[in-house]
Amino acid sequence: MKLKQRVVLLAILLVIFIFTKVFLIDNLDTSAANREDQRAFHRMMASLHIELDPRLDHTLQSPWEIAAQWVVPREVYPEETPELGAVMHAMTTKKIIKADVGYKGTQLKALLILEGGQKVVFKPKRYARDYIVEGEPYAGYDRHNAEVAAFHLDRILGFRRAPLVVGRFVNLRTEIKPVATEQLLGTFMTVGNNTCFYGKCYYCRETEPACADGDIMEGSVTLWLPDVWPLQKHRHPWGRTYREGKLARWEYDESYCDAVKKTSPYDSGPRLLDIIDTAVFDYLIGNADRHHYESFQDDEGASMLILLDNAKSFGNPALDERSILAPLYQCCIIRVSTWNRLNYLKNGVLKSALKTAMSHDPISPVLSDPHLDALDQRLLSILATVKQCTDQFGPDVVLVEDRMTLSHL
């Protein structure tokens with residue numbers, strides 16, 4: 001081979017080597033992050049089933065102290081929680097020492113204080129599992145089982161932004177009435193042979209009480225977040241007007257997301273990506289009622305969007321309310337970690353995972369099969385929406401790296 005040819009060949013090989021090296025360097029972090037996403041998914045799948053076991057062998061702390069220490073600005077509970085079963089067991093078995101009307105809101109609930117001083121929110125059963133809520137996607141009473149299912153979906157998606165929820169049966173006559181405040185007690189009544197109450201809230205009516213089966217009422221209990229983490233309420237930028245004939249701006253302005261991106265706290269930090277995650281979460285559960293949301297106070301946009309009040313979900317498995325996904329299809333961005341997790345959950349994995357996760361719950365089965373089937377169908381719609389975005393703008397624009405180290409000290 002002539003010297004000139006050898007020089008050209010070496011130059012070509014050098015260029016190939018340089019491009020290969022640059023490509024590997026550029027993709028090293030992404031590949032490592034993707035591998036960690038896969039490992040995190042397998043860890044989640046391995047810990048889906050939670051035994052409600054009261055034992056805390058390795059600590060002298062109460063379950064309430066343990067749960068309080070879990071909370072940090074970007075998580076309500078950590079990825080690995082060997083004590084989770086013990087905390088949830090306490091939530092469903094600890095003695096109720098006080099019962100009061102729920103905090104202000106539109107729907108019936110009761111505020112309970114359990115032995116050890118822990119607050120929980122009790123939402124009573126209003127519908128049978130197979131009842132279909134007709135009308136608007138946010139119609140009907142709160143669904144207690146939706147709170148339970150939404151908590152476990154939060155675990156499966158890897159968000160860990162929903163407070164702990166577990167089902168519980170309470171005896172209204174022996175457990176609630178003896179420790180109820182006068183305000184709550186005044187809303188009790190007997191309908192036939194069933195003990196009922198209607199509480200105090202915007203839509204609470206004496207003519208629409210929640211009734212037990214005899215004295216035993218099924219419901220959900222949600223763990224109150226520690227008082228050292230006060231909440232701040234925000235209007236959701238994609239909230240509905242709830243007025244017939246009056247549309248919100250996002251419902252008619254195709255460039256609405258551009259305006260949101262220029263507004264604090266969505267112009268920097270993780271909040272807009274949290275909104276996108278929440279849209280995915282809400283679409284899966286059929287929750288079109290997130291008109292407001294909460295974060296921790298004085299966070300300057302850095303804390304998570306906390307997934308509170310998910311009870312207006314799982315109302316109609318046949319209704320896929322696409323408008324819930326508006327933040328996703330209008331902004332066309334999503335976290336790479338969220339995208340990876342959604343892809344791991346396709347082909348029936350989501351339905352199977354959620355069914356397994358909820359199987360331990362005292363009120364199991366939590367969801368009817370049509371609702372579980374709907375989750376898998378809605379997941380396909382989300383994946384298709386992201387693909388439309390990547391086809392239009394390219395994956396480098398749509399898939400956003402935003403991974404934060406979440407330390408629990």
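**Close-up views of helix packing, loops and the annotated site**

**View A. Helix α8 crosses helix α12 in a right-handed manner.** In this predicted model, the axes of α8 and α12 come within 8 Å and cross at roughly 145°. From α8, the residues that make the contact are V280, Y283, L284 and I285. Their partners in α12 are L375, R378, L379, S381 and I382. By class, the contact of α8 with α12 has seven nonpolar residues, one polar residue and one charged residue.

**View B. Helix α2 packs against helix α3 at a crossing angle of roughly 120°.** The two helices comprise residues 63-70 (α2) and residues 84-93 (α3), and their axes come within 9 Å. Angles from 65 to 115 degrees count as roughly perpendicular and those over 145 as roughly antiparallel; the α2 angle to α3 falls in neither class, and α2 is therefore oblique to α3. The crossing of α2 and α3 is left-handed. On the α2 side, the view shows P63, W64, A67 and W70, which meet L84, A86, V87, A90 and M91 of α3. The residues of this contact of α2 with α3 divide into nine nonpolar, no polar and no charged.

**View C. Helix α4 packs against helix α11 at an angle of about 120°.** Helix α4 spans residues 144-157 and helix α11 spans residues 349-358, with their axes 10 Å apart. This angle makes α4 oblique to α11. In contrast to the left-handed crossing of α2 and α3, α4 passes α11 in a right-handed crossing. Helix α4 contributes A149, H152, L153, R155 and I156 to the contact, and helix α11 contributes L350, A353, L354, A357 and M358. The residues of the contact of α4 with α11 divide into eight nonpolar, one polar and one charged.

**View D. Residue D289 is covered by the "active site" annotation of an unreviewed UniProt entry.** D289 lies in the loop between α8 (271-285) and β10 (292-296). Leaving aside neighbours within four places in sequence, D289 is in contact with Y138, Y242 and K312. With Y242, the side chain of D289 forms a polar contact of 2.6 Å. The loop that holds D289 thus follows α8 in the sequence and precedes β10, and helix α8 is also the partner of α12 in View A.

**View E. The peptide bond joining S264 and P265 is cis.** Its omega is about 5°. P265 is placed in the loop between α7 (256-260) and α8. Most peptide bonds are trans.

**View F. The peptide bond joining S364 and P365 is cis.** Omega for the S364 and P365 bond is about 0°. P365 is located in the loop between α11 and α12 (369-393). Helix α11 packs against α4, while α12 is crossed by α8.

**View G. R160 has a positive phi although it is not a glycine.** The phi of R160 is about 60°. R160 is found in the loop between α4 and β4 (165-171). Most residues other than glycine have a negative phi.

Technical notes:
Residues are numbered from 1 along each chain as its sequence is written. This is a predicted model: local features need pLDDT of at least 70, side-chain atom pairs count only at pLDDT 80 or more; totals for chains, interfaces and linings use all residues. Side-chain values use heavy atoms; hydrogens and water are left out. UniProt positions are given in the numbering used here, feature names are shortened, and annotations may be inferred rather than shown by experiment. Helices (H or I, at least four residues) and strands (E, at least two) are DSSP runs, numbered from the N terminus. Contact means heavy atoms within 4.5 Å. A polar contact is a pair of N or O atoms within 3.5 Å; within protein, one must be able to donate a hydrogen and the other to accept it, and residues adjacent in sequence count only if both atoms are side-chain atoms. Axes are lines fitted to C-alpha atoms, for helices over the stretch in contact, and angles run from 0 to 180 degrees between N-to-C directions. Angles under 35 degrees count as roughly parallel, over 145 as roughly antiparallel, 65 to 115 as roughly perpendicular and the rest as oblique. A crossing is left-handed if the near helix is turned anticlockwise from the far one by less than a right angle, and right-handed if clockwise. Ala, Val, Leu, Ile, Met, Phe, Trp, Tyr, Cys and Pro count as nonpolar, Asp, Glu, Lys and Arg as charged, and the others, Gly among them, as polar.
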